[in-house]
Structures are given as C-alpha cells and as structure tokens.
Amino acid sequence: MIKYFFIIFLITTNTFASDVINFTFLGTGTPRPNIDKLGPSILIKNSNHEILLDVGRGTSIRLNQIGNNFSKVNNVYISHLHYDHIIGLADFWLTSNLWQKKENINIYGPKGIKKLCQNITNSYAEDINYRYEKNNYSKLNCDSYDNLGMTVKHGKINVEFFKNSHGHIEESYGFKVRFKNKSVVYSGDTSYSQNVIDAAKGCDILIHEVIASSKKLYDNNDKLRKVFKTHTDINQLIKILNITNPKLTILNHALLFGISESKVLNKIKKEYNGDIIFAKDLMSVDLGNEISIFNIIK
Ligand SMILES: [Zn+2]
Ligand SMILES: [Zn+2]
C-alpha cells in the first residue's frame, strides 16, 4: 500500500488534480553506488503523460516501488551521456517489453544518443529474439536535440532544453518544464551556467546540482579540485539563487565529500533567504497553485 507522508506545504489555494504537475525523484544520487540515493532520474506526470528526465541506476526498481508499470512512460529526456544518467536505460526498455509495453519509447538526448540506442538494441538482440515474435516489441525511438525544435509538447507539458556548462562535455543539457503558467528547471550536471540562470529566473522550482567538500579534502586532493570545475560549488550556487530567486530550490545529484547536507544548507542560508531543501529518493512534488511535497513509500 502506498502511503503519503506530508512534509511541507507552501502557498495554499484550491487545486484540482488536473491542474497539478507531479515530479517524483526516483533517484537523487551520483555515479557512487548508494542504496538510499539511486542514479539520477525524475518522473514527471500530468494526466496520461509520463516523462523521465535521465535514467540512472535503479530507475526501473524505483518505478516498480511506486507501483508504476511503465505503460505510460513513453518519453525520456537524457541530459548527457555520462554513464550515471543513462545506465538504467537498457533495464527500463527491456523491462517495459517484459511487461508488454505496446508503444515505442521516445528517447531525446544529446548528439550520440542514436548510436547509444543502436548499441543497446544490438547488445540485447539475443534476448529480444528469444522473447518476442519478429518486430512485435516496443522499440527505442531516439533523436538528438539538434534535430528537434527548442521545445517538445506532451499534452499540457512543454519540455525545453538548453546547453549547460559541464566541463569538457560539449553536449550537456538542462531542461525547463513548463505547465500552464508554472515552470520547473532541471540544471543537469553543470558548473555555473548563464543558460541555467536565464531559464531559471523567476521559475517556481529549480532542481540544481551541487558539489561541496571539507576544506581538508579540497586542499589535499588534486582530482577533487578538477571535479569541482565541472560542477556547481556553494558560492556559485548562492550567486545563482540570488539572481534567479525560485519559489523553491531542490538540491539534487549532490557530490558531497566530508561535508553533510545540513552543513551545506547552513552555508547557503547565511547568504540566501529563499526556500531550499535536498532531494530524497521517492520524494514527490505536486506543483499547481501550491507546491506540496511528500514521500511515496511502499
Ligand atoms: Zn552525473
Ligand atoms: Zn556528468
């Protein structure tokens, strides 16, 4: 049985289900295996439309955990091709077929996404041939962002994509999800990015990555300092939040080394007054005239 645990409630007015877009954090982690923080993936729902942003490790497990049989999840957006954001894709696709998904799955991603899809399809050809009659299975229908317009529409949901700034990765994207007059921005993996700032100014919810460490680890670790260059540190984040001023900020894909979430929040709150929390796996957010956050626990 699914229980809903109410955590916080902001800006209350009357709202109906169809007026709400829902975001569920299936995984909030990084490449490092962690049972409490599976790989990055967010499920977006409104009406009959279900969309995934990234498909990290354990996406299928989490979907099953919340009672989702994948049948409506027909559109997937990939932020970039680092493995932590795509490693769940083959599992999601093959399990969709196991559960007799009828429709093909649209995968939108950076340049290279078609090759990735082709390679996944080739890799599992033996399994597919064994299980299904010729052509009678759901396929990956992949396209890169440079072949698409600036925005893709799914019912009342509009997904816009823009390049962020993820170190040497040229093809890395963030997303702006619009629903009626509401908007949610997902930074993707990025350092300080003007494009993220432009997208996030005045948005309702900003889902942003962060990197932080103890001073000792930072000072003594060359490799860590290099990793910092491709992600957003606390000072950069404070600057971004003070410029964009979202109604709510949710920190996601947090690379924390020798520092706790509460210490990171304390540092940010010294210089930024807005609402800010860390994402947790299975945390769900309804955005309508109000923002409500709850955990889905089976
Ligand atoms: Zn990542
Ligand atoms: Zn990355």
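Tutor: A residue counts as buried when its relative accessible area is under 20%, as exposed when it is over 50%, and as partly exposed in between (1.4 Å probe, protein chains only). The model is predicted, so local features need pLDDT of at least 70 and side-chain atom pairs pLDDT 80 or more, while totals for chains, interfaces and linings use all residues. Residues are numbered from 1 along each chain as its sequence is written, chains are lettered from A and ligands numbered from 1 in the order in which they are written, and side-chain values use heavy atoms, without hydrogens and water.

Student: What makes His-253 count as buried?

Tutor: His-253 has 4% relative accessibility, which is under the limit of 20%, so His-253 is buried. His-85, at 0%, is buried too.

Student: Which residues are the protein donors of the zinc ion (ligand 1)?

Tutor: They are Asp-84 (OD), His-85 (NE2), Asp-189 (OD) and His-253 (NE2), at 2.1 to 2.2 Å from the ion. A donor is an N, O or S atom within 2.8 Å of the metal (3.2 Å for Na, K and Ca), and water is not among the atoms, so sites may look incomplete. The distances of 2.1 to 2.2 Å fall inside the 2.8 Å limit, so these atoms qualify.

Student: Why is the site of the zinc ion (ligand 1) called irregular?

Tutor: Four donors are tetrahedral if all angles lie between 85 and 135 degrees; four are square planar and six octahedral if opposite donors are over 155 degrees apart and all others between 65 and 115; anything else is irregular. The angles among the four donor atoms run from 90 to 169 degrees. The upper value lies outside the tetrahedral range, so that class is excluded; the site is classed as irregular.

Student: How do you know that His-85 and His-253 tie together separate parts of the chain?

Tutor: The donors of the zinc ion (ligand 1) have the spacing D-H-x103-D-x63-H. His-85 belongs to the loop between β5 (73-77) and α2 (89-98), and His-253 to strand β13 (residues 248-257), so the pair joins parts 168 residues apart in sequence. Helices (H or I, at least four residues) and strands (E, at least two) are DSSP runs, numbered from the N terminus.

Student: What makes Asp-189 a bridge?

Tutor: Asp-189 bridges the zinc ion (ligand 1) and the zinc ion (ligand 2), which are 3.6 Å apart. Asp-189 (OD) also appears among the donors of the zinc ion (ligand 2), with His-80 (NE2), His-82 (ND1) and His-166 (NE2), at 2.2 to 2.4 Å. Angles of 91 to 166 degrees make the arrangement around the zinc ion (ligand 2) irregular.

Student: Are His-82 and Asp-189 buried or partly exposed?

Tutor: His-82 has a relative accessible area of 28%, which lies between the two limits, so His-82 is partly exposed. Asp-189, at 3%, is buried.

Student: Why is α2 described as largely enclosed?

Tutor: Eight of its 10 residues are buried, so the rest of the structure largely encloses α2. Among the buried residues of α2 are Leu-89, Phe-92, Trp-93 and Leu-94. Gln-100, which follows α2, has a positive phi near 60 degrees.

Student: What makes α2 and α3 oblique to each other?

Tutor: Angles under 35 degrees are roughly parallel, over 145 roughly antiparallel, 65 to 115 roughly perpendicular, and the rest oblique. α2 and helix α3 (residues 113-123) pack at about 55 degrees, with axes 11 Å apart. The value of about 55 degrees falls in none of the named ranges, so the pair is oblique. The axes are lines fitted to C-alpha atoms, for helices over the stretch in contact, and angles run from 0 to 180 degrees between N-to-C directions.

Student: Why are α8 and α9 also called oblique?

Tutor: Helix α8 (residues 234-244) and helix α9 (residues 261-269) pack at about 50 degrees, their axes 10 Å apart, and are therefore oblique.

Student: How do you know that strands β15 and β16 pair?

Tutor: Two strands pair if DSSP finds at least two bridges between them. Strand β15 (residues 283-287) and β16 have five bridges, in the antiparallel sense, so the requirement is met. Leu-287 stands opposite Ile-291 in β16, and three residues separate the two strands of this hairpin. Six of the seven residues of strand β16 (residues 291-297) are buried, so β16 is largely enclosed.

Student: What makes β8 and β14 edge strands?

Tutor: Seven strands form an open sheet of mixed pairing, in the order β8-β9-β10-β11-β12-β13-β14. β8 (151-154) and β14 (275-278) each have a single partner strand, so one side of each has no neighbour in the sheet.
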